[in-house]
Amino acid sequence: MLAGVLALGCGCASANGDGTAAEGSAPGAPTGVTAAAGSATSVHVMWNAVGATSGVRAYEVYEGSAKVREVPGSVHMVDVVRLTPGTAYAFTVRARDGGGRLGPPSREVRATTPAATAADRAAPTRPGGVEGRAVGATAVQLSWSAATDDRAVVSYDVCQGGTRIHSVGGNQTATVVTGLRPGTRYSFTVRARDAADNVSAAGPAVRLTTPPGTGAADRDTAPAGFRATTHRADGAYYLDLAWVPPRVDGPVTEYEIRLDGRRATSLVWGGAAPRDTASYSFYLGEETGRTVRVRLRARLPDGTWGALSAERSVTTGTTGPGAG
């Protein structure tokens, strides 16, 4: 077994002009940056992922010229907290790649925190009438009925599963969530938040499936360069796999291996997950001449499964590819 892997048995415009960095250059500036007050003392900042040849390892968030937060490259949103009520703020975001190179700042976005409210312990009512529809293969549009509060609703949090992925102002009752994957089932809920950071119960969940895309975006989530061979040791055959992890935003730490169309085992990296080439070998059995079809897929940083790799067929005890 590969060291550090757990086997779970189971039945700034860039040089390229497209947000990516040219070879040897720093990452580009993040695009799509927004800022909205989350409460009287917090602002929610979001941005789009930036591509870089050596991978974006972190994002730095600035208020004016001061860095106020840093998050891993797989994160594209952050709450800037401990702010002053009733105050205007300006934010920018910068990307840093695996070589430590810091890209230029994004465009500046502004948000004003609302005035503080004294002794407010009552949460808003939960949003109702939550509805949604897919708008293309990578986005959904959500809408809901306004919540009420004894003071005022300052913002709405949109959650995927139990994780907040988006936030909009309290005067909005609709939004578009982007950056999704084609042909994937999602569940969204909405919560209301007031100036004192009281949060409502979640509104009813809306479940949506994005339609299949043109294929390119989905294929990008599949392991590439997938190879399968066998070897014999101690009277038994072992299946040897090698692949290139999908180039997604963040490390891939878990894979599912399928034999003959069925889930055979899962791999979870306990340490640093490989980013360039991954490999794994596991027991197949003692039978000579056994032919198996094998594929694998990755669990992506957003918690969903990526596309399956190309299928390979190997036979134990043969010569050439798949030789035992």
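This report walks through a three-stranded sheet, some salt bridges and two buried residues in a predicted model.

## How to read the model

The model is predicted, so local features need pLDDT of at least 70 and side-chain atom pairs count only at pLDDT 80 or more, while totals for chains, interfaces and linings use all residues. Residues are numbered from 1 along each chain as its sequence is written, and side-chain values use heavy atoms, with hydrogens and water left out.

## A three-stranded sheet

Let's start with the backbone. Strands in a sheet pair through backbone hydrogen bonds, in either a parallel or an antiparallel way. Here, three strands make an open sheet in the order S16-S17-S20, with antiparallel pairing. Strands (E, at least two residues) are DSSP runs numbered from the N terminus, and two of them pair if DSSP finds at least two bridges between them.

Strand S16 (224-233) and strand S20 (278-285) are the edges; each has a single partner strand, so one side of each lacks a neighbour in the sheet. From one strand to the next, the twist averages 20°, taken between axes that are lines fitted to C-alpha atoms, with angles running from 0 to 180 degrees between N-to-C directions. S16 and strand S17 (residues 236-244) are joined in the antiparallel sense by eight bridges. Arg-227 sits opposite Ala-242 in S17.

## Salt bridges

Side chains of opposite charge can pair when their charged atoms come close. Counting a side-chain nitrogen of Lys or Arg within 4 Å of a carboxyl oxygen of Asp or Glu, the structure has 16 salt bridges. One of them joins Arg-96 and Glu-60, at 2.6 Å from N to O. This pair links distant parts of the chain, with Arg-96 in strand S7 (residues 88-97) and Glu-60 in strand S4 (residues 56-63), 36 residues apart. Glu-60 is buried at 7% relative accessibility, whereas Arg-96 is partly exposed at 21%. For these words, buried means under 20% relative accessible area, exposed over 50%, and partly exposed in between (1.4 Å probe, protein chains only).

Glu-254 and Arg-299 also meet through their side chains, at 3.1 Å from N to O. Glu-254 lies in strand S18 (residues 254-259) and Arg-299 in strand S21 (residues 291-299), so their salt bridge ties together parts 45 residues apart in sequence. Lys-67 and Glu-70 form another salt bridge, with their closest N and O atoms 2.9 Å apart. Both partners are partly exposed: Lys-67 has a relative accessible area of 43%, and Glu-70 has 36% relative accessibility. There is a network too, in which salt bridges link Asp-79, Asp-157, Arg-164, Arg-193 and Asp-197.

## His-166 and its neighbours

His-166 belongs to strand S12 (residues 163-169) and is buried, with 13% relative accessibility. Its side chain makes a polar contact of 2.9 Å with that of Thr-175. A polar contact is a pair of N or O atoms within 3.5 Å; within protein, one must be able to donate a hydrogen and the other to accept it, and residues adjacent in sequence count only if both atoms are side-chain atoms.

Setting aside residues up to four places away in sequence, His-166 touches His-44, Met-46, Met-77, Tyr-156, Asp-157, Val-158, Thr-175 and Val-176. Contact here means heavy atoms within 4.5 Å.

## Leu-208 and its neighbours

Leu-208 is in strand S15 (residues 206-209) and is buried at 11% relative accessibility. Beyond its neighbours within four places in sequence, Leu-208 has contacts that include Gly-132, Val-140, Leu-142 and Phe-188. Gly-183 is 25 residues from Leu-208 in sequence, and their C-alpha atoms are 10.0 Å apart in space.

Definitions and conventions
Helix = DSSP H or I, 4+ residues; strand = E, 2+ residues; numbered from the N terminus.
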